[in-house]
Amino acid sequence: MKALEEKIAREGKIFPGNIVKVSGFLNHMIDVQFMMQIGKEIADLYEGSGVNKILTIESSGIAIAVCAASYMNIPVVFAKKSKSINIANDVYSAKVASFTHKTTKDIIVSKEVLSKEDKILIIDDFLAEGNALKGLMSIVEQAGGEVKGCAIAIEKGFQGAGDKLRNEGVRVESLAIIDEMSDSSIKFREVV
């Protein structure tokens, strides 16, 4: 998505350790109109795929998922990173290591909201090492559902997780893929 690449180049900030900060429009403050464009792009990519639910992880994936779901007219389920008193013990869970936070958390989804009839589109803001996607895919597998694909706003292609998943047969659609980063520049993958 050329508009996303341009917005990253214009508004994103690069930090040491291969961190791209896009908090001005994606994951701290949300540019709603631009997020709706991202949602439409994802909905168009997965049109006719049979997806009946979107699964994401709190918190940065929720806005993207809701925007896509509004075009697809389907519900959004999000994995929680901590158990609250309003969720029963009957949950699917997976361990997920965060590249950005350098922590590992148990993510959970109530068994009430996923089932074997579900055809799931997994959405997230970033794909770095693939841990969040793998955790969410594990939860869908535990529910007996089917992952129809994954949609990512920004993939760090140089880390290889997206290509590895694609080689394993997982449909991964990333709207912007960063192939190279330095302290002062970003090079995006050319779309073929």
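Student: How do strands S3 and S4 pair, and over how many bridges?

Tutor: This is a predicted model, so take each feature as a prediction. S3 and S4 pair in the parallel sense, over 4 bridges. One residue pair shows the match: Ile57 has Ala79 of S4 as its bridge partner.

Student: Which strands make up the open sheet, and in what order?

Tutor: Read across the sheet, from neighbour to neighbour. The order is S4-S3-S7-S8-S9-S10, 6 strands in an open sheet with mixed pairing.

Student: Why is one side of S4 and of S10 left without a neighbour in the sheet?

Tutor: S4 and S10 (186-188) stand at the edges and have a single partner strand each, so one side of each has no neighbour in the sheet. Next, look at the twist. On average, neighbouring strands of this sheet are turned by 30° against each other, direction ignored.

Student: Which strands does helix H1 lie across, and which does H3?

Tutor: Take them in turn. H1 (residues 2-11) lies across S8, S9 and S10, and runs at about 35° to S9. H3 lies across S7, S8 and S9, and runs at about 120° to S9.

Student: How do I read the buried residues of a helix? Which are they in H4?

Tutor: Start with the general idea. An α-helix has 3.6 residues a turn, so residues three or four places apart point the same way. Now the case here. H4 spans residues 60-72, and its buried residues include Ser60, Ala63, Ile64, Cys67, Ala68 and Met72.

Student: What do the buried residues of H4 pack against?

Tutor: Both helices and strands. The helices are H2 (23-27) and H3 (32-45). The strands are S3 (53-57), S4 (76-79), S7 (119-127) and S8 (146-156). Look just past the end of H4 too: Asn73 takes a positive phi of about 60°.

Student: How much space lies in the largest pocket, and which residues are closest to its centre?

Tutor: Ask for volume, then lining. The largest pocket holds about 780 Å³ of space. It is lined by 33 residues, and Lys81, Ser98, Thr100, His101 and Asp125 are the closest to its centre. S7 gives the most to this lining, with 4 residues. By type, the lining has 14 nonpolar, 11 polar and 8 charged residues.

Student: What about the second largest pocket: how much space, and which residues lie nearest its centre?

Tutor: About 290 Å³ of space lies there. Its lining has 16 residues, with Glu173, Ser174, Leu175, Ile177 and Val191 nearest the centre. S9 supplies the largest share, 6 residues. The types are 8 nonpolar, 1 polar and 7 charged.

How values were computed:
Residues are numbered from 1 along each chain as its sequence is written. This is a predicted model: local features need pLDDT of at least 70, side-chain atom pairs count only at pLDDT 80 or more; totals for chains, interfaces and linings use all residues. Side-chain values use heavy atoms; hydrogens and water are left out. Buried means under 20% relative accessible area, exposed over 50%, partly exposed in between (1.4 Å probe, protein chains only). Helices (H or I, at least four residues) and strands (E, at least two) are DSSP runs, numbered from the N terminus. Contact means heavy atoms within 4.5 Å. On a 1 Å grid over the protein atoms alone, a cavity is a set of points where a 1.4 Å probe fits but cannot get out, and a pocket is an open set with protein on both sides within 12 Å along at least five of seven lines; lining residues have an atom within 4 Å of a point. Grid points are joined across faces, edges and corners, and a volume is the space filled by probe spheres set on the points. Ala, Val, Leu, Ile, Met, Phe, Trp, Tyr, Cys and Pro count as nonpolar, Asp, Glu, Lys and Arg as charged, and the others, Gly among them, as polar. Two strands pair if DSSP finds at least two bridges between them. Axes are lines fitted to C-alpha atoms, for helices over the stretch in contact, and angles run from 0 to 180 degrees between N-to-C directions.
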